[in-house]
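Me: Could you take a close look at one part of this structure for me, and then follow it out to its surroundings? I'd like to know what touches what, and how far in things sit.

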Amino acid sequence: MTVVVGMTGGIAAYKAVNVIRGLVLEGHDVHVVATESALRFVGLPTLEAISRNRVHTDLYEGVAEVRHVAIGQSADVIVIAPATANTIAKLSAGLADDLLGNTVLASTAPLVIAPAMHTEMWLNPATVANIATLRDRGVVIVGPASGQLTGSDSGPGRMEEPDVIVDAVVRAADRFAAPRSGDLAGRRVLVTAGGTREPLDPVRYLGNRSSGRQGVALAVAALARGAEVTLLAANLEVAEPQGVTVVHVGSALELSEAATEHAQSADVVIMAAAVADYRPAVSVDAKIKKESAGDRLTLELVENPDILAGLSAHRREGQVIVGFAAETESDDAARLEIGRTKLARKGCDYLVLNRVSWTEGFGSDSNTIIVLAAGGAVVAEAAGSKMSVANNILDVLV
Ligand code: C5P
């Protein structure tokens, strides 16, 4: 396959030469795009000799061949090693002020990045936010490892070992390879994500802390595995994925209507959204005023339709329906029992059970789940990034 290796200006560039070498020795056609600062760490002749191809650095070279677009379009996978904090920030913002930025933006190939920087830079809230953004977009982040840094200090920030990066590149390319040949090829998958907001008045709502990360990861993973994906997005805190049909909804009633419509043509329905069980009995047109409510305000709530139960009761022959249950029960056995009861009550085929608390589940980048099948058997357990958990869930469905 054609691998584009982006190299940016960090001391780990000398180690990244072995990423290029590893890919070449595995038989891949490797094209290096190096930034100006990368070439301060490693010489161009080294990169050309090892990659066995011309190295590209200049945005204004080969303009007639529209090189800034051509390189990205030719890639089956792009890996950036090392990826500096600066490059990570630029990728997260979508900047294209050099050849590498243009190459990445012009490509639909999977992107793998191997960050390398000092611990303080890796832990800086700006870098943390940028990495979260990239992860939400489906970028594979390899490392960094923890260990000795350039100076005498040590900690997280060391670029992952070249063989681990090569392995991640090959796996990312496989996973995202030709969607039509993925194990969900030809399947229509409907995913709900986010949290509903139940309007109280024109400026207020009752909501929940679901960010939509797990649902979006499921949509991205299903797309990569060849499915045609529709995402019903309820107030996402994360970027919408590209390549899927996104339908925006706000409240549980809106989600109910959209889910009922789109489920008709879906082979698989995954209800990852956190749906409010109740909504205010009345949503008033004018802002609720303290002057008229006094020192105690009572809200009357009415039950929302249970979308999952409704879809399960009316499912088409062969349609697979997956529910989620986020529970605060801390005892594992008791939580499993809650899951089994919920699965039976909702009538879905699978229930993904996870624990939520003030700090776990909602809003975080990782998740720990158990998948129950109809009847209550545990068919999968997984922990890790929401993307890897999404693939574990899809493995069960496949
Ligand atoms: O009952 P609970 O809210 O824990 O159930 C969670 C599962 O049911 C999720 O899959 C959620 O999307 C779905 N649900 C629903 N309609 C509701 C409430 C929850 O479809 N009104």
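Reply: Let's start with a definition: a polar contact is a pair of N or O atoms within 3.5 Å, where, within protein, one atom must be able to donate a hydrogen and the other to accept it. Keep in mind that this is a predicted model.

With that in hand, go to Thr-8. Its side chain reaches the backbone oxygen of Pro-82 at 2.6 Å, and that distance falls within the 3.5 Å cut-off. Thr-8 sits in the loop between strand S1 (2-7) and helix H1 (13-25). Is Thr-8 buried or exposed? Thr-8 has a relative accessible area of just 1%, so it counts as buried, the cut-off being under 20%. Setting aside residues up to four places away in sequence, Thr-8 touches Ala-13, Thr-35, Ala-38, Ile-80, Pro-82, Ala-83, Thr-84, Thr-87 and Leu-100. Pro-82, the partner of the Thr-8 side chain, is one of those neighbours.

Now for another loop residue, Gly-143. You'll find Gly-143 between strand S5 (140-141) and strand S6 (145-148). With a relative accessible area of 25%, Gly-143 is partly exposed. Gly-143 is in contact with Pro-115, Trp-122 and Glu-160, leaving out neighbours within four places in sequence. Gly-143 and Ile-165 are 22 residues apart along the chain, and their C-alpha atoms are 8.5 Å apart in space.

Stepping back, the domain assignment splits the protein into domain 1 (2-177) and domain 2 (188-397). Their centres, taken over C-alpha atoms, are 35 Å apart. Seven residues from domain 1 and eight residues from domain 2 make up the contact. Together the two domains bury about 720 Å², with 57% of that on carbon and sulfur atoms.

What holds for charged pairs here? One salt bridge is counted between domain 1 and domain 2. The side chains of Arg-213 and Asp-136 meet in a salt bridge at 3.7 Å, N to O. On the domain 1 side that touches domain 2, helix H8 (125-136) and helix H9 (162-176) are the elements giving two or more residues. H8 gives the most, with three residues. Sorted by class, that side of domain 1 has three nonpolar, one polar and three charged residues. As for polar contacts across the interface of domain 1 and domain 2, the rule finds zero residue pairs with both at pLDDT 80 or more.

Terms used:
Residues are numbered from 1 along each chain as its sequence is written. This is a predicted model: local features need pLDDT of at least 70, side-chain atom pairs count only at pLDDT 80 or more; totals for chains, interfaces and linings use all residues. Side-chain values use heavy atoms; hydrogens and water are left out. Helices (H or I, at least four residues) and strands (E, at least two) are DSSP runs, numbered from the N terminus. Buried means under 20% relative accessible area, exposed over 50%, partly exposed in between (1.4 Å probe, protein chains only). Contact means heavy atoms within 4.5 Å. Domain bounds come from an automatic or database domain assignment. Buried area is the accessible area (1.4 Å probe) that two parts lose on being put together, summed over both. A salt bridge is a side-chain nitrogen of Lys or Arg within 4 Å of a carboxyl oxygen of Asp or Glu. Ala, Val, Leu, Ile, Met, Phe, Trp, Tyr, Cys and Pro count as nonpolar, Asp, Glu, Lys and Arg as charged, and the others, Gly among them, as polar.
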